[in-house]
Every structure is written in structure tokens, then in C-alpha cells.
Amino acid sequence: MSASDPAATGSVLVISAHAGDFVWRAAGAMALASARGDSVTVLCLSFGERGESARAWRDGMALAEVKALRREEASRAAEVLRASIEFADAGDYPLRESDELIDTIVRCYRRVRPAVVLTHPLSDPYNPDHPAAARMALQARVFAQAIGYDAPGGPLGAPPVFLFEPHQPEQCDFKPQVLLDITEVFDVKRRAMECLTAQQHMWDYYTELASRRGVQFERNAGPNLGLAHSTMAEAYMRVYPQVTRTLTG
Ligand SMILES: [Zn+2]
């Protein structure tokens, strides 16, 4: 937490199945956190080298070249978002769930000590790696909370987990519960997206999605007066209950 910024709330940890996922779905939240002085860490479980790098394969790259490209792109996007990035290089398509990878995530939790965790939804019929990452992220969070789990650092608290929006939300049981206003950092998100040249077809898609979620943000924030606005937003679901002593918006 930054001592200089009273708005800082602690560190943010993003657990991403592939190298690009965190950018499309959570870059706004990450840029907001960085802007208020929170530290932001991304753990990419794989590079998305087989499943999410179609353009690189079409260009004739070999596996090692694809991985290097995706590492470089994701690192540049993280730099734009002022986030640190770690790569587990666990392979994709399939991203295999293993005790070893869960232990890697536990150690990351214990080291980063996040106040907030962001990851994928638990259902995605188009991409089994995404729910696999979410399952491991949730298991590791529980293990990191256990005082008896053998990993450096003390037991983790209970950071809330926010699930970011999948590519086809209707198919993934995704219903927005939280709409986050990212207007002030949307230019940063767009610059981060433009680092991912292997997935250029996604830039406008996620710009338009932010605009639609922005309309819904305004509709849920006040009366429907039909006024012009330029709000951009990201949608999230929660896994655990919000804890509060006052019911408030
Ligand atoms: Zn992905």
C-alpha cells in the first residue's frame, strides 16, 4: 500500500490462464489500482501459446517463437498498466491442473498478499483452460489461508475474488454483479490492448464492450434521462459475499 496516497487499498493479484486474458478483461481495474498507488501483480499460468496465438501460427512461427512473442507482448502490456508480471509457463491447451501449479499459486499469494484477487469465471464451454485457472486460483487461495500449509510467509487473509468477464458471457453463466467505472483509465487499457498484436481482432471488440458496460453503469447509477455520456466500464462477478456493516451502494 502506498503511504502517500490515502486512496490506496492494498495490492491486487490477477491470475490469468493465458498471456492476453488479463488485458482484455481486467486492464481497467489494474490501471485504476496502479493510479491510486496500489501494487498490481499478474500471474500468467501459460503464454496462451497454442490456443490464443492464431496469427503467430499463421505467420509460420515455431512453438518457442510463439511463446517468446506472447511473453514480450504481455510484458509490455503489464508495463503500460504499471503491473509486475510473472509467468508459470505451465502450458496451454490443455492447462493441466496439478498440485505443483497450485503450490506455485499459493506461494504467489503468500508473497504478494493481495487485498483483491481477479481471475476467470468457473464456467467456459469455449475454453477449458479458463475455468481450470479459476479452480486452481480458488483452491490456492484456501490453501494459502491455512496456517499449516508449508509455504513461505504467514497465512493469507480473505481477499475478495472478482471474476472478470469472459468472451461470451451468456455461455459462461456470467451475470454482471459489479460494474467498475474505468473511464479515466480507458486510454491506458487501450494502449495495453494494442501491445497484443497477435490478437489484433480483439482491440475494437473490447473497446465496444467497455462502452456497452458503461451505458449499463450509468443506467444502474441513476435515473434514465437519456443524457449523453462517455462512461467506459468493466463487469465482474463475486465469488464470496461482500462483508459490510452498512448496506450501501
Ligand atoms: Zn485465455
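**Close-up views of cavity, pocket, zinc site and core**

The count of cavities of 30 Å³ or more comes to one in this structure, which is a predicted model.

**View 1. The largest cavity and its lining.** The space in the largest cavity amounts to about 80 Å³. Its lining is made up of Trp24, Arg25, Glu165, Lys189, Tyr206, Leu209, Ala210, Arg213, Ala233, Glu234 and Ala235. At least two of the lining residues come from each of H1, H7 and strand S7 (233-238). H7 provides the largest share, four residues. Sorted by class, the lining of the largest cavity holds six nonpolar and five charged residues, with no polar ones.

**View 2. The largest pocket.** About 320 Å³ of space is found in the largest pocket. Helix H1 (21-35) and helix H2 (54-58) are the elements that contribute two or more residues to the lining of this pocket. The largest share of that lining, three residues, belongs to H1. In total 22 residues line the largest pocket, and Arg25, Glu52, Asn127, His167 and Met202 are the ones that lie nearest its centre. The lining of the largest pocket comprises nine polar, eight nonpolar and five charged residues. Arg25 appears in this view as a lining residue of the largest pocket and in View 1 as a lining residue of the largest cavity.

**View 3. Coordination of the zinc ion.** The zinc ion is coordinated by His18 through ND1, by His130 through NE2, and by Asp21 and Glu52 through two oxygen atoms each, at 2.1 to 2.6 Å. Along the sequence, the spacing of the donor residues is H-x2-D-x30-E-x77-H. Both His18 and Asp21 are buried. What geometry does the site of the zinc ion have? The site is irregular, with angles of 53 to 165 degrees among the six donor atoms. This classification follows because six donors count as octahedral only if opposite donors are over 155 degrees apart and all others between 65 and 115, and the site includes an angle of 53 degrees. For reference, ideal angles for six octahedral donors are 90 or 180 degrees. Glu52, a donor to the zinc ion, is also one of the residues nearest the centre of the largest pocket.

**View 4. The largest nonpolar core.** This core has 41 residues, of which Val14, Phe22, Val23, Met30, Leu81 and Leu118 touch the most other members. Strand S1 (12-16), H1, strand S2 (40-44), helix H3 (63-80), strand S5 (161-164), helix H6 (186-193) and helix H7 (203-221) each contribute at least two residues to the core. The element that gives the most is H1, with 10 residues. In soluble globular proteins, nonpolar side chains tend to be buried together.

**View 5. Gln199 and Gly20.** Gln199 occupies the loop between H6 and H7. Is Gln199 buried or exposed? Gln199 is buried, because its relative accessible area is 5% and the limit for a buried residue is under 20%. The C-alpha atoms of Gln199 and Gly20 are 8.3 Å apart in space, whereas the two residues are 179 residues apart in sequence.

**View 6. Leu163 and Thr119.** Leu163 is placed in strand S5. Leu163 counts as buried because its relative accessibility is 7%, where buried means under 20%. In sequence, Leu163 and Thr119 are 44 residues apart; in space, the C-alpha to C-alpha distance is 5.1 Å.

Technical notes: Residues are numbered from 1 along each chain as its sequence is written. This is a predicted model: local features need pLDDT of at least 70, side-chain atom pairs count only at pLDDT 80 or more; totals for chains, interfaces and linings use all residues. Side-chain values use heavy atoms; hydrogens and water are left out. On a 1 Å grid over the protein atoms alone, a cavity is a set of points where a 1.4 Å probe fits but cannot get out, and a pocket is an open set with protein on both sides within 12 Å along at least five of seven lines; lining residues have an atom within 4 Å of a point. Grid points are joined across faces, edges and corners, and a volume is the space filled by probe spheres set on the points. Ala, Val, Leu, Ile, Met, Phe, Trp, Tyr, Cys and Pro count as nonpolar, Asp, Glu, Lys and Arg as charged, and the others, Gly among them, as polar. Donors are N, O and S atoms within 2.8 Å of the metal (3.2 Å for Na, K and Ca); water is not among the atoms, so sites may look incomplete. Four donors count as tetrahedral if all angles lie between 85 and 135 degrees; four count as square planar and six as octahedral if opposite donors are over 155 degrees apart and all others between 65 and 115; anything else is irregular. Buried means under 20% relative accessible area, exposed over 50%, partly exposed in between (1.4 Å probe, protein chains only). A nonpolar core is a set of buried Ala, Val, Leu, Ile, Met, Phe, Trp, Tyr and Cys residues joined through side-chain atoms within 4.5 Å.
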